[in-house]
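The following exercises ask the reader to examine a protein structure step by step. Each task is followed by a worked solution.

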Amino acid sequence: MPQAGRFASEVLGLDLLLDGPRLRFFAGNAPLEDAEEMIARLGGMLDQVIAHQEEAQRVAEELAAELDRERRLREEEQRLREEEQRLREGEQRLREGEQRLREEAERQLAQARAELERLKAR
């Protein structure tokens, strides 16, 4: 016998209700989703999963680009350190060369003075 428009199914353990042209199933007072409702809900869930996946992919690409920028900056920094070291070494060589030239000029000046003194003494 139907109660409140519902038919009890002892085999299914559910109540059934004719809702217009549709047959609805109930577990107690809770309506169960039909196929269309379940497909719509699962479709929404799938859309969310896809959106999260796309966001994760976008973030991964941004992180990869950031890592690439950082790698290039580290390489440039290393190149600049090496260039700075080469410049320091070149500067040191110039100072050493300048020192040798100064010493040679002083030696030649001392020789020239000695020669002048020798010539004056004659």
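**Exercise 1. Identify the residues that form a nonpolar patch on the surface, and place Leu 42 in the chain.**

Solution. The model is a predicted one.
Step 1. The nonpolar surface patch consists of Met 38, Leu 42 and Met 45. Together these residues have about 260 Å² of accessible area.
Step 2. Leu 42 is located in helix H1.
Step 3. The relative accessibility of Leu 42 is 42%, so this residue counts as partly exposed. The class applies because the value falls between the limits of 20% and 50%.

**Exercise 2. State how confident the prediction is along the chain, and which elements have the lowest and the highest mean pLDDT.**

Solution.
Step 1. The average pLDDT of the chain is 93, and 97% of the residues score at least 70.
Step 2. Among the elements of the chain, the lowest mean pLDDT, 86, belongs to E1, and the highest, 96, to H1.
Step 3. In general, predicted coordinates should not be read in detail where pLDDT is low.

**Exercise 3. Describe the order and pairing of the strands in the open sheet.**

Solution.
Step 1. The open sheet has 4 strands in the order E1-E2-E3-E4, and the pairing is antiparallel.
Step 2. E1 and strand E4 (30-31) are the edge strands, each pairing on one side only.
Step 3. Between strand E2 (residues 14-19) and E3, the antiparallel pairing extends over 5 bridges. Leu 18 stands opposite Leu 23 in E3.

**Exercise 4. Determine whether Ser 9 is buried or exposed, and name its contacts beyond the neighbours within four places in sequence.**

Solution.
Step 1. Strand E1 (residues 6-9) contains Ser 9.
Step 2. The relative accessibility of Ser 9 is 17%, and therefore Ser 9 counts as buried. The limit used in this step is 20%.
Step 3. When the neighbours within four places in sequence are left aside, Ser 9 is in contact with Leu 14 and Leu 16.

**Exercise 5. Analyse the salt bridge between Glu 37 and Arg 24.**

Solution.
Step 1. The structure holds 19 salt bridges. In the one between Glu 37 and Arg 24, the closest N and O atoms are 3.2 Å apart.
Step 2. This pair links distant parts of the chain: Glu 37 belongs to helix H1 (residues 35-121) and Arg 24 to strand E3 (residues 22-27), 13 residues apart.
Step 3. Glu 37 counts as partly exposed at 29% relative accessibility, whereas Arg 24, at 12%, counts as buried.

**Exercise 6. Examine the salt bridges that Glu 77 forms with Arg 81 and Glu 98 with Arg 102.**

Solution.
Step 1. As a general principle, side chains of opposite charge can pair when their charged atoms come close.
Step 2. For Glu 77 and Arg 81, the N to O distance is 3.0 Å. Both residues lie in helix H1, 4 residues apart, about one turn of the helix.
Step 3. Glu 77 is partly exposed at 45% relative accessibility, and Arg 81 is partly exposed at 41%.
Step 4. For Glu 98 and Arg 102, the closest N and O atoms are 2.8 Å apart. Because Glu 98 and Arg 102 are 4 residues apart in helix H1, about one helical turn separates them.
Step 5. Glu 98 is partly exposed, with a relative accessible area of 46%, and Arg 102 is partly exposed, with 36%.
Step 6. Elsewhere, salt bridges with shared partners join Arg 22, Arg 24, Asp 34 and Glu 37 into one network.

Technical notes
Residues are numbered from 1 along each chain as its sequence is written. This is a predicted model: local features need pLDDT of at least 70, side-chain atom pairs count only at pLDDT 80 or more; totals for chains, interfaces and linings use all residues. Side-chain values use heavy atoms; hydrogens and water are left out. Helices (H or I, at least four residues) and strands (E, at least two) are DSSP runs, numbered from the N terminus. Buried means under 20% relative accessible area, exposed over 50%, partly exposed in between (1.4 Å probe, protein chains only). Contact means heavy atoms within 4.5 Å. A salt bridge is a side-chain nitrogen of Lys or Arg within 4 Å of a carboxyl oxygen of Asp or Glu. pLDDT is the predictor's confidence in each residue, from 0 to 100. Patches are made of residues with over 30% relative accessible area and no salt bridge: like charges are joined within 9 Å, nonpolar side chains (Val, Leu, Ile, Met, Phe, Trp, Tyr) within 5 Å. Accessible areas come from the Shrake-Rupley method with a 1.4 Å probe; for residues, only the protein chains shown count as cover. Two strands pair if DSSP finds at least two bridges between them.
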